[in-house]
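Me: I would like to go through the secondary-structure packing of this model, question by question. Please reason briefly and close each reply on the item requested.

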Amino acid sequence: MKRIRTIFYITAILLATLTLTGCESTLTVFDPQGPVARNLTELIIFSIIFMLLIVIVVFVLFGFIVWKYRAKPENEDYEPPHEEGSTALEITWFLIPVLIVVALTIPTIITISDVEDIPEGYDDQEPLVIHVTSADWKWIFSYPEQDIETVNYVNIPADRPIQFKMTSAGTMQSFWVPSLAGQKYTMANMQTQLYLVADRPGEYIGRNTNFNGEGYAHMSFEVVAESAEDFNEWVSDVKNTANVLTEDEYREILTPSIIGRKTYNETHLQWIDHAHGGSEEYINPEDYETHLYEQEGEIDEEDSDVSITDTETDEEQDESESEQSNEEMDMDESEHEGHDGH
C-alpha cells in the first residue's frame with residue numbers, strides 16, 4: 001500500500017510540473033514550415049533517437065551489472081581476483097565513443113552543407129534578396145530590388161527562396177526563425193547568409209537568441225509569408241503610402257531603444273552597408289551608457305512610431321508642464337492672500 005501511494009505522489013508531481021511549465025502540444029522546432037527547417041528538424045530527431053538508444057543501452061548494462069554482481073549472503077566472503085587489465089577492452093572503450101561522434105558528425109555536416117544553399121527543388125527560381133541589419137534592439141530589413149525598408153517585420157513571398165544577407169550595426173546578435181530556418185549570427189563589418197523557403201502563406205515569429213543587453217527579450221520580429229500576388233500588392237502599397245527614410249531618422253532608429261514596426265520608401269543601403277564598416281559614423285558609444293531605456297508596460301507590437309525614448313521624453317515634458325502649472329497656481333494663491341491681507 002505504501003508503494004502504491006509513493007507511485008501516486010510521483011505521478012501527481014510529474015503531471016503538475018508539466019501543467020505548470022505550460023508545455024504546448026506542438027513545439028515550433030518540430031513543426032517545420034519549409035524545406036530548410038524540415039532538414040534541421042530531421043537532423044534533430046535523428047540525433048535524439050541515436051543518443052537515446054545509447055543512453056538506454058548504457059543504463060540497461062549498468063542495471064544488469066549492478067543486479068548480477070550485487071552483494072548477497074552466498075558471496076559475502078568473495079574476494080575478486082587481481083587483474084592486470086585488458087588491452088582489447090581498453091581499445092573497445094576508446095573506439096565506441098569515437099564511432100558515436102563520427103556517426104553524429106557525418107549527417108550534421110551533410111545537413112549544414114545543404115541548408116547553406118538554395119533548397120533542393122527551388123534551384124530554378126531566382127531568390128529574393130533581403131538585407132538584414134540587427135541593431136539594439138530591433139531588426140531592420142532592406143529590400144534593395146524593391147527599394148523599401150521595414151523594421152521589426154518582414155514580408156516574403158511563399159514558395160520562393162529567400163536569401164538573407166545579414167550584418168549588425170553594433171553588437172553581435174543571433175537571427176532565428178524556428179519554423180523556417182536555423183539560427184545564424186549577425187556581426188558588424190562582415191556578412192553572413194541564410195536561405196529559407198516558406199511552403200505556404202502564414203505568419204511566423206523570429207527573434208534574437210543571443211543575449212546582448214536589457215532590451216534583448218523584446219528583440220523579436222514577425223515573418224509574413226504570402227502569395228506572390230499579395231506580396232507584390234504589399235510592395236505597391238508601401239511605395240505609394242510610406243514615408244521616405246531619411247538619414248537622420250535612420251540614425252534615430254539605431255539608438256538603443258525598443259520601437260514598434262516601421263515602414264519606409266528607400267533603404268539605408270544608399271548611405272551605409274554595415275557589412276563593409278563605417279558603423280561608428282552612425283552609432284554613439286555613449287548611448288550605451290546614458291540611453292534612456294527603461295521598460296514600462298507592454299510594447300505595442302502593431303504599427304507604432306513611438307519608442308521608449310520618445311515616450312519618456314513626452315512624460316518628462318508632461319511632468320514639467322504639470323510642475324509649471326502648480327507653481328503658477330501657488331503664485332496666484334500667494335498674491336490673492338496678499339491682497340486679502342491689505
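Reply: As a starting point, two strands pair if DSSP finds at least two bridges between them. The model discussed here is predicted.

Me: Which residue of strand 3 stands opposite F141?

Reply: Strand 2 covers residues 138-143 and strand 3 covers residues 148-151. The two are joined by four bridges in the antiparallel sense. Within this pairing, the residue opposite F141 is T150.

Me: What is the order of the strands in the open sheet of seven strands?

Reply: The pairing in this sheet is mixed. Its edge strands, each of which pairs on one side only, are strand 8 (192-196) and strand 11 (243-244). Read across the sheet, the order is 8-5-1-2-3-12-11.

Me: What angle does the direction of helix 4 make with that of strand 3?

Reply: Helix 4, residues 228-241, packs on the sheet. It touches strand 1 (128-135), strand 2, strand 3, strand 11 and strand 12 (262-265). With the direction of strand 3, the direction of helix 4 makes an angle of about 95°.

Me: Within what arc do the buried residues of helix 5 fall?

Reply: Helix 5 (residues 247-254) also packs on the sheet, and its direction makes about 145° with that of strand 2. Its buried residues are Y250, I253 and L254. Seen down the helix axis, these residues line one face, because they fall within an arc of 95°.

Me: Against which strands do those buried residues of helix 5 pack?

Reply: A general point on helices is useful: residues three or four places apart point the same way, because an α-helix has 3.6 residues a turn. In helix 5, the buried set of Y250, I253 and L254 packs against strand 1, strand 2, strand 3 and strand 12.

Me: Is Q146 buried or exposed?

Reply: Q146 lies in the loop between strand 2 and strand 3. Beyond its neighbours within four places in sequence, Q146 is in contact with L128, F231, V235 and K239. The cut-off for burial is under 20% relative accessible area. At 14% relative accessibility, Q146 therefore counts as buried.

Me: What is the relative accessible area of D136?

Reply: D136 is placed in the loop between strand 1 and strand 2. Its contacts beyond four places in sequence are T171, Q173, N212, L254, T255, P256, S257 and Y288. D136 is buried, with a relative accessible area of 2%.

Me: Which side chains of strand 9 point to one face and are buried?

Reply: Strand 9 (residues 202-208) runs antiparallel to strand 6 (residues 173-176), to which two bridges join it, and W176 stands opposite R207. Strand 9 also pairs with strand 10 (residues 220-226) in the antiparallel sense over six bridges, where the bridge partner of G202 is A225. Side chains alternate along strand 9: E203, I205 and R207 point to the other face and are not buried. Those that point to one face and are buried are G202, Y204, G206 and N208.

Me: Why is helix 2 roughly antiparallel to helix 3?

Reply: The axes of helix 2 (residues 35-68) and helix 3 (residues 87-115) come within 10 Å. Angles over 145 degrees count as roughly antiparallel. Helix 2 is therefore roughly antiparallel to helix 3, as their axes cross at roughly 175°.

Me: How many residues of the contact of helix 2 with helix 3 are nonpolar?

Reply: From helix 2, the contact includes L40, L43 and F46, and from helix 3 it includes I100, L104 and D114. The contact also holds four polar residues and one charged residue. The number of nonpolar residues is twelve.

Key. Residues numbered from 1 in each chain as written. Predicted model: local features only at pLDDT ≥ 70, side-chain atom pairs only at ≥ 80, totals over all residues. Heavy atoms only, no water. Contact = heavy atoms within 4.5 Å. Axes fitted to C-alpha atoms, helices over the stretch in contact; angles between N-to-C directions. Buried < 20%, exposed > 50% of the residue type's maximum accessible area, 1.4 Å probe, protein only. Parallel < 35°, antiparallel > 145°, perpendicular 65-115°, else oblique. Nonpolar A, V, L, I, M, F, W, Y, C, P; charged D, E, K, R; others polar. Arc of directions from axis to C-beta.
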